[in-house]
Amino acid sequence: MPRYSEDKISGLQKAAILLIVLGPEKSATIFKHLKEEEIEELTLEIANTRSVTPQVKEEIIDEFYQVCLAQQYIAEGGISYAKELLEKALGSEKAMDVIGKLTASLQVKPFEFVRKTDAAQLLNFIQDEHPQTIALILSYLPPSQSAAIISSLPPDRQADVAKRIAVMDRTSPEVVKEVEKVLESKLASLVNQDYTIIGGVDAVVDILNTVDRGTEKHIMETLEIEEPELADEIRKKMFVFEDILLLDDRAIQRVLRDVDNNDLALALKGGNEQVQAAIFNNMSKRLAVMIKEDMEFMGPVRMKDVDEAQQKIVNIIRKLEDSGEIVISRGGGDEIIV
C-alpha cells in the first residue's frame, strides 16, 4: 500500500485525498463542476489511494484553505491586496508560495478589479475613451453595471457602444492588456493567453434588458436605422415568451385581453409549467378549462407554429409596454448622477 508524504504528492493525488476527506456528498457536488476526463482521472486516483497519514491529510486541507482564501482576496482587491493579507497571516515566503500555486492554475477574469468600482466613478474614468474601448470594458462587466454606465453615456454614443459590443467577437490578449494598463489594472499579467471570446449579441441583449426603457428604445431605434439586421437579431432575443414571469398579475391580465385564444393555446403548448401556471392563474376557471381542452385536442404541433404564436404574444407585450399600459420588471436602469 503506497504511503504519502506531503512534499512528494502530485496535484492530482492531493485533489483525490481532499475529496476522500470531504466525503461522498460534498465530493459529488464538486464533480458536477468538473469535465468528464477530470472526473475519470480523479476517480481512478481515489480508487488507488490507500494509506494517508492524519498529518498529510491536515496539511492538504490547510493548503486547500489557504488557496481558497487567496482566491477570495484576489477577487476582492487584486494580487497585491491578496499578497499583503496572506503575508500577515502566513509570512512572506508562504504567501508567495500560495499565490504562485493559485495563479499558475487560476485564470482571473480581465477587468475583475473594475467590478468593485462604483459605476459613477467608472463612468467618469472611461466616458472620454474611444467607443471601442468602452465596448471592450463593458463586455467584461456584469450586465447591471454595464447597463448603469451605458445609460449615462451621451445619447449619440449609446447606440455606437451597443453596436460595437454586439459585433465584437474575439479580442487578442495584447489588446486587453493594453486597455487594462490604461485602467491601471493589477491583473494584466494574469490575462489568459488564449484569445478571449467576449461581447456578441447575447452580451448586448443582457445589457439592454437591464437598462431603463428610454435608453433601450433610443439604442434600438438608432440600430434599426444603421444596422437593421443586427437590430432585428437583438430584438428577437430581448424578451422571450418565458419572460412573462417578469410581469405582475395585473399586467398578465391586461396582456390576455389582447391575445387570441387559439394563439394562446398553441403558445402554451410549448411553454413550461411555470408560465402555464402564471397564465391560468390570471384567467377565469371556465376559460382556463377551455384553453386546456384546446391544448389537449390539438395533438402534436410543429415547433415553428408554437414559436410564431409565442412571438405574437411577445409582440403584444412589447406594444403594451411601449404605450405604458404595462411594466416589465427590470433590474437597475436608474440614471447615474455625477
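Reader: Where does Leu 208 lie?

Author: Leu 208 sits in helix 12. Here a helix is a DSSP run of H or I with at least four residues, a strand is a run of E with at least two, and both are numbered from the N terminus. By the way, this is a predicted model, so local features need pLDDT of at least 70, side-chain atom pairs count only at pLDDT 80 or more, and totals for chains, interfaces and linings use all residues. Residues are numbered from 1 along each chain as its sequence is written, and side-chain values use heavy atoms, leaving out hydrogens and water.

Reader: Why does Leu 208 count as buried?

Author: Its relative accessibility is 0%, and buried means under 20% relative accessible area (exposed is over 50%, partly exposed is in between, with a 1.4 Å probe and protein chains only). So Leu 208 counts as buried.

Reader: How far apart are the C-alpha atoms of Leu 208 and Arg 235?

Author: They are separated by 9.8 Å, with their positions 27 residues apart along the chain.

Reader: What makes Met 290 partly exposed?

Author: Met 290 has a relative accessible area of 31%. That value is neither under 20% nor over 50%, so Met 290 is partly exposed. Met 290 belongs to helix 18, and its C-alpha is 9.2 Å from that of Ala 265, 25 residues away along the chain.

Reader: Which residues of helix 18 are buried?

Author: Ala 288, Ile 291 and Met 295.

Reader: How do you know that they line one face of helix 18?

Author: Look down the axis of the helix: the buried residues fall within an arc of 65 degrees, so they line one face (the arc is that of the directions from the helix axis to the C-beta atoms). There's a general reason behind such patterns: an α-helix has 3.6 residues a turn, so residues three or four places apart point the same way.

Reader: What covers the buried residues of helix 18, and what is on the face turned away?

Author: The cover includes helix 16 (261–269) and helix 17 (273–280). The face turned away from the buried side carries the exposed residues Arg 286, Glu 296 and Phe 297. Right after helix 18 comes Gly 299, with a positive phi near 65 degrees.

Reader: How do you know that the span of helix 1 agrees with what it should be?

Author: The expected span is 1.5 Å times one less than the number of residues. For the twelve residues of helix 1 (residues 11–22) that should be 16 Å, and the end C-alpha atoms are 16 Å apart, so the two agree. Helix 19 (residues 303–322) passes the check too: its 20 residues reach 28 Å, close to the 28 Å expected.

Reader: Why is Gln 310 called buried?

Author: Gln 310 has a relative accessible area of 9%, and the limit for buried is under 20%, so the label fits. Gln 310 is part of helix 19, whose buried residues also include Val 306, Ile 313 and Arg 318.

Reader: What does Gln 310 touch?

Author: Leaving aside residues up to four places away in sequence, Gln 310 touches Phe 241, Ala 267, Gly 270 and Gly 271. A contact means heavy atoms within 4.5 Å.

Reader: What makes a set of residues a nonpolar core?

Author: They must be buried Ala, Val, Leu, Ile, Met, Phe, Trp, Tyr or Cys residues joined through side-chain atoms within 4.5 Å. The largest one here has 34 residues, and Leu 138, Ile 150, Val 161, Ile 165 and Ile 234 have the most contacts inside it. Elements giving two or more residues to this core include helix 8 (131–140), helix 10 (155–167) and helix 12 (201–208). A second, separate core has 30 residues, among them Leu 256 and Ile 328.

Reader: Where is confidence lowest and where is it highest?

Author: The score is pLDDT, the predictor's confidence in each residue, from 0 to 100. Strand 2 (residues 196–197) is lowest, with a mean of 48, while helix 15 (residues 249–257) is highest at 92. The protein averages 76, and 76% of the residues score at least 70. Residues 1–6 stay under 50, and residues 331–338 are below 50 as well.

Reader: How many helices and strands does the protein have, and how much of it is buried?

Author: There are 19 helices and two strands, and buried residues make up 43% of the 338 residues.
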